[in-house]
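Dear colleague,

I am passing on the structure we spoke about, and below it I have set out what a search for charged side-chain contacts turned up. Please read the notes with the structure open beside them.

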Amino acid sequence: MSKKNQTVIDIKNKTNEELAILAFQLKTQLVEFRFKKNTGEFKKTHIVSETRKMIAQILTVLKSRDVDISISSCGLMMYDRKNNKVVPLSKQAQEVINAQRSAVANETANVKTQSESEAKFGTPIDLNQESTVKNSQVNQKNVEKTIRKTQGGGK
């Protein structure tokens with residue numbers, strides 16, 4: 001059996017809640033990929049299309065079970081179309097979602113502060129290199145003063 005077929009079978013064997021959580025986690029990964037791509041840290045771009053395909057497979061299985069999910073920055077909601085009811089998530093599922101959301105918030109805050117500092121100050125400079133440059137400039141000025149003094153009466 002091929003790897004692709006095995007993935008589809010694994011998806012079909014999961015519960016609706018597990019699929020909804022997996023879809024939420026994959027969506028947040030896409031957001032992380034977007035930030036990493038913009039900062040230049042992301043090299044394996046084929047993972048984005050694989051993740052999107054996995055999300056599409058999950059949504060297809062949920063749709064065949066008459067379950068809709070809504071993924072937003074506020075969280076995750078499941079809606080059962082057969083019974084016209086919003087399906088509440090278990091506490092464990094809520095904890096997983098909250099943990100994932102806070103991890104993404106922390107990472108995006110770190111990326112923002114790094115990119116803001118680079119936008120204000122340019123590329124980061126090694127402090128040791130900067131002090132070496134200043135020292136060499138000071139030394140050169142001292143040498144020039146010494147030469148002027150020896151040549152006859154400079155300041």
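**Salt bridges around R81**

In this predicted model, the side chains of D68 and R81 come together in a salt bridge, with a distance of 3.4 Å from N to O. This pair connects distant parts of the chain, since D68 sits in strand β1 while R81 belongs to the loop between β2 and β3, 13 residues apart.

R81 also meets the side chain of D66 in a salt bridge, here at 3.6 Å from N to O. D66 lies in the loop between α3 (46–64) and β1 (67–72), and R81 in the loop between β2 (75–80) and β3 (85–87), so this contact ties together parts that are 15 residues apart in sequence.

As for how far these side chains are open to the surroundings, D66 is partly exposed, with a relative accessible area of 26%, and R81 is likewise partly exposed, at 29%. D68 is partly exposed too, its relative accessible area being 28%. Through the partners that their salt bridges share, D66, D68 and R81 are joined into one network.

How many salt bridges does a search of the whole structure find? The search finds 2, and the two pairs described above are D68 with R81 and D66 with R81.

With best regards

Definitions and conventions: Residues are numbered from 1 along each chain as its sequence is written. This is a predicted model: local features need pLDDT of at least 70, side-chain atom pairs count only at pLDDT 80 or more; totals for chains, interfaces and linings use all residues. Side-chain values use heavy atoms; hydrogens and water are left out. A salt bridge is a side-chain nitrogen of Lys or Arg within 4 Å of a carboxyl oxygen of Asp or Glu. Helices (H or I, at least four residues) and strands (E, at least two) are DSSP runs, numbered from the N terminus. Buried means under 20% relative accessible area, exposed over 50%, partly exposed in between (1.4 Å probe, protein chains only).
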